[in-house]
Every structure is written in structure tokens, then in C-alpha cells.
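Hi,

Here is the structure I said I would pass on. Have a look at it first, and then read my notes underneath.

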Amino acid sequence: MAVNKIILFYAFAPVADPTAVKLWQRALGEQWNLKGRVIVSPHGINATLGGTVEDLKRYVKATKQYPGFGKMDVKWSDGMGEDFPRLSVKERPELVAFGAPDEVTVDKHGVVGGGTHLKPEEVNKLVEEYGDDVVFFDGRNAFEAQIGRFQDAIVPDVQTTHGFIQDLESGKYDDIKNKKIISYCTGGIRCEILSVLMKNRGFEDVYQIEGGIVRYGEQFGSKGLWDGPLYVFDKRMVVNFDEETTTLGECSQCQAATSDFHNCADPGCKVLRLYCENCVEVARTQVCPDCVERLATV
């Protein structure tokens, strides 16, 4: 019986013809019946795909043949077989939509001028050595941090990556610009860019976790500096690193402990909220405040 998996990876490398690479990636995905998302830009490739182990291995082997993609770190996790509705392969000016494509420069080694890469064990050593002079900085959308985050992390109040530049330039983080900043995100790609944006705005000593939260959680589970589960952008939505994972999220209705995200009853809802088992019927039958406001302006 076929075993289904999900892979997550990115590679920063100059892509002279993103359109040609997009078409090639679509052909590979269709050839091996893969579903998920692939983004190609002049800066490289970013993908999350699901399929059988055999098909994914063939895809990875082919993709690594492109110059600069051979070094990509492929993260594997268990899939359910229908984790994505379809295959989507798109060409974008940025691999992650921070709205600053001109601030990112890549060469054959990857992003130029980004944060210092730390392996998971090096993250712990830095905190042990410098204590309060180390600050964790969440590079994800704020809702993701509701269920899991590094201990005492700063979580910017941004709903999409487009909000980070304005937030960084607001002055609210000026008092930590001389501290050691460890930026973190799901698999590492957002921090490759965020660390550049932070350094360009005066943050002096910026780091990023090699492989992101995924690699840290795989190594330390609930016994390190990370608390709670991890939000992921597929049908699973939430991943626990071990059986001792703490539930940090609170139901938006009754504040009970939960890690379950739901959209409201409006089919066009884009806002995920946490609901416990006793309150999930609210999400299924009522329209959330965001959608009420959205519908009022239509």
C-alpha cells in the first residue's frame, strides 16, 4: 500500500527564466500526481507538496538537478493522501510576499546579507550564554503564534507578511536593535528574507534557525525552548512534535484550551479563529465580526 507524505522545501538561487522553471515544475508535478503549492521567482523556489513517497522522491531528485536547487533542505512529514485540493504552480516576483523584492539579492550560495544561520542546538547554546540579551522574533502571521511559539518571543501583530515592513519601521522595536535577535518561522524561508529586512533597518545582530521551527521541533520536541504545536498550511493545520505538547491556544468564545482553527459560517471567510469542541458550532452557524464588516462594504 502506498505511503503518503508531505514535503516542504525552498532554495534561494538565481533563476534566469522563472516562466520556464514554472512550466517545468508543473510538468513534474503532473507527471507524478502531486498536489500542493509551488512558487517560482527570480530568487528561487518554494514548495509544499503531497504525494506518495516514491513519487515525491522522483520529484525531488529531478528538482535538485536545477543549478542552485541541489542544496535545498527537504523536510518530510506524514500525509493523509488528500492534504491539498490540487496542484498550484505560480510565478511571483518574491518567494514570500513581503513587498520588498528589490531588497533581496541572491547568488549561488543563497540570500546575500541575511541573518546568521543557527542549528537547533546552537539556538539553545546562544540562549544559555547570553540569556536576556537574546530575543526570539516571530516571523509568521500573528494567528499562527496563538497555538505555538518560542518562550518569551516577540510576536508582531501582523496578519500577512505584507505587514512586517511597516511594523519594523514603526519604532516599537528600537529598544532591541542592539540585542541578539533570533528570527524564526515554520520552515525557515520567511526568516531568510525577514532577517535581511531587519538588518537593513538597523537590527545589528540577527540570526535565523536553520530549517525553522520544523527542524527545531524534530530535534527537541517539547523539551526545548519551543512551546505548543505548529500551524501548517495544509489540511492537517496543526502538528504536534510529541505526545507532551502543551496546548497554548484559547477558544475565541470561552477561552478553553484548544488548538483547533476554524473559519466562520460565511463561505468567503479568510480569518481563522480558535474554537474548542464545545463552541465549534458557533463557527459553523454564525458569521464572524470580520466577515460582518466585509459583507457590509460589498
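**Helix α5 and the strands around it**

Let me start with the residues of α5 that are buried: I189, R190, C191, E192, I193, L194, S195, V196, L197 and M198. Put as a count, ten of the twelve residues in α5 are buried, so the helix is mostly covered, with buried taken as under 20% relative accessible area. Please keep in mind that this is a predicted model.

I also checked the length of that helix. α5 covers residues 189-200, and at 1.5 Å a residue its twelve residues should span 16 Å; the C-alpha atoms at its ends are 18 Å apart, which agrees. After α5 comes G202, which has a positive phi, near 95°.

What does α5 lie across? The answer is β8, β9, β11 and β12, and α5 runs at about 175° to β12.

Those strands are worth a look of their own. The four of them make an open sheet, ordered β8-β12-β11-β9, with parallel pairing. At the edges stand β8 (116-118) and β9 (134-138), and each has a single partner strand, so one side of each has no neighbour in the sheet. From one strand to the next, the twist averages 35°. Within this sheet, β11 (residues 180-184) and β12 (residues 205-209) run parallel and are joined by four bridges. If you want one pair to click on, K180 has D205 in β12 as its bridge partner.

**Strand β3 and its partners**

Now to another part of the chain. How many residues of strand β3 (residues 44-52) are buried? Nine of its nine, so "mostly covered" applies here too, on that under 20% cut-off.

β3 pairs with β1 (residues 4-12) in the antiparallel sense, over nine bridges. One of the pairs there is K5 with G51 of β3. β3 also pairs with β2 (residues 35-41), again in the antiparallel sense, this time over seven bridges. Here K35 has G50 in β3 as its bridge partner. The link from β2 to β3 is a hairpin, which joins them through two residues.

As a general reminder for when you look at either set of strands, side chains in a regular strand alternate between the two faces of the sheet.

That is what I have for now. Write back when you have had a look.

Cheers

Note on methods:
Residues are numbered from 1 along each chain as its sequence is written. This is a predicted model: local features need pLDDT of at least 70, side-chain atom pairs count only at pLDDT 80 or more; totals for chains, interfaces and linings use all residues. Side-chain values use heavy atoms; hydrogens and water are left out. The expected span of a helix is 1.5 Å times one less than its number of residues. Buried means under 20% relative accessible area, exposed over 50%, partly exposed in between (1.4 Å probe, protein chains only). Two strands pair if DSSP finds at least two bridges between them. Axes are lines fitted to C-alpha atoms, for helices over the stretch in contact, and angles run from 0 to 180 degrees between N-to-C directions. Contact means heavy atoms within 4.5 Å.
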